[in-house]
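This briefing concerns the structure shown below. Please read the points that follow with the sequence and the model side by side.

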Amino acid sequence: MNARSAAIIVMLALASACSGVSPPPRDHRPLGDVMAAPRECDLISTDAIRIATGFRDYVALGTKLGEGRFGSCTVSEDAGDLGLVIEVFDPSPHDAKDLERTRKSVRGKNLPAGLSPGFAARRTGPQGKNIAFVYGWTSDHRRLLSVKITEGAAGRDSVADAVEFFRQLKPVLLDERSGEEAVDVG
């Protein structure tokens, strides 16, 4: 290899390195009404699922608590990768001390005023993928609502999306007026 060939190779390598793949543009689309039709699991908007997860083809499986009340919605790609998990725990498996320990261990940020008590955070999940999540509960710690989104939708802020799902679902799934979830899913 002569000097000229070596110089050309170096210039091509530098040009390739400088033109590296740029990150995807920020996706600022709002989730919209996370309970709008059409729905999965009798409650969660298919449009909101697609925006938050980036999935086009997916499977959604729902469960119900006693008396037909919403229990959970798990969304995964056909390949089996989890994208979104929304769960209501009644009773909550965690008391106040457990939740505070968890918040501290994951460096969770308290939810905005009006959404508390609860926190939002990120953690590393299976296969090293980051998971954005929100845990929020009733003031008596009796019931817990969790929203988990596996990060991967191009340009999305998954923590913000999890908080938005929680914001809209909290009045429906953690309604404290009666001590029962306010939504009955057929």
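Helix H4, residues 158-173, lies across five strands: E4 (70-77), E5 (82-89), E7 (118-124), E8 and E9. Its direction makes an angle of about 150° with that of E9. The model is a predicted one. The strands under discussion belong to an open sheet of seven, paired in the antiparallel sense.

**Sheet order and edges**

- The strand order across the open sheet is E3-E4-E5-E9-E8-E7-E6.
- Strand E3 (58-64) and strand E6 (109-110) are the edges, each having a pairing partner on one side only.
- Strands of a sheet pair through backbone hydrogen bonds, in either a parallel or an antiparallel arrangement.

**Strands E3, E4 and E5**

- Seven bridges link E3 with E4 in an antiparallel pairing, and within this pairing Gly 62 stands opposite Cys 73 of E4.
- The hairpin of E3 and E4 has five residues between its strands, and Glu 67 there adopts a positive phi near 60°.
- E4 also pairs with E5, again antiparallel, over five bridges; Ser 72 has Glu 87 of E5 as its bridge partner.
- E4 is mostly covered, with six of its eight residues buried.
- Ser 76 is located in strand E4. Its relative accessible area is 17%, so Ser 76 is classed as buried, the cut-off being under 20%.
- Beyond its neighbours within four places in sequence, Ser 76 contacts Phe 55, Tyr 58, Val 59, Asp 81, Leu 82 and Gly 83.

**Strands E9, E8, E7 and E6**

- E8 (residues 130-137) and E9 (residues 144-150) run antiparallel and are joined by seven bridges; Ile 131 is paired with Thr 150 in E9.
- E7 and E8 are likewise antiparallel and joined by seven bridges, and Ala 120 has Val 134 of E8 as its bridge partner.
- Five residues separate E7 from E8 in their hairpin, where Gln 127 in the turn has a positive phi of about 60°.
- Two bridges connect E6 to E7 in an antiparallel pairing; Asn 110 stands opposite Phe 119 of E7.

**Asn 110 at the edge strand**

- Asn 110 lies in strand E6, which is one of the edge strands.
- With a relative accessible area of 56%, Asn 110 is above the cut-off of over 50% and is therefore classed as exposed.
- Outside its neighbours within four places in sequence, Asn 110 is in contact with Arg 103, Gly 118 and Phe 119.
- The C-alpha atoms of Asn 110 and Tyr 135 are 9.7 Å apart, while the two residues are 25 places apart in sequence.

**The largest pocket**

- The largest pocket encloses about 230 Å³ of space.
- It is lined by 14 residues, of which Leu 82, Gly 83, Pro 126, Ile 131 and Thr 150 are the closest to its centre.
- Two of these central residues, Ile 131 and Thr 150, are also bridge partners in the pairing of E8 with E9.
- Leu 82 and Gly 83 also appear among the contacts of Ser 76.
- E5 provides the largest share of the lining, five residues; E5 and E9 each supply at least two.
- By residue class, the lining comprises six nonpolar, three polar and five charged residues.

Definitions and conventions:
Residues numbered from 1 in each chain as written. Predicted model: local features only at pLDDT ≥ 70, side-chain atom pairs only at ≥ 80, totals over all residues. Heavy atoms only, no water. Pairing = 2+ DSSP bridges. Helix = DSSP H or I, 4+ residues; strand = E, 2+ residues; numbered from the N terminus. Contact = heavy atoms within 4.5 Å. Axes fitted to C-alpha atoms, helices over the stretch in contact; angles between N-to-C directions. Buried < 20%, exposed > 50% of the residue type's maximum accessible area, 1.4 Å probe, protein only. 1 Å grid on protein atoms, 1.4 Å probe; cavity = no way out; pocket = protein on both sides within 12 Å on 5 of 7 lines; lining within 4 Å. Points joined across faces, edges and corners; volume = space filled by probe spheres on them. Nonpolar A, V, L, I, M, F, W, Y, C, P; charged D, E, K, R; others polar.
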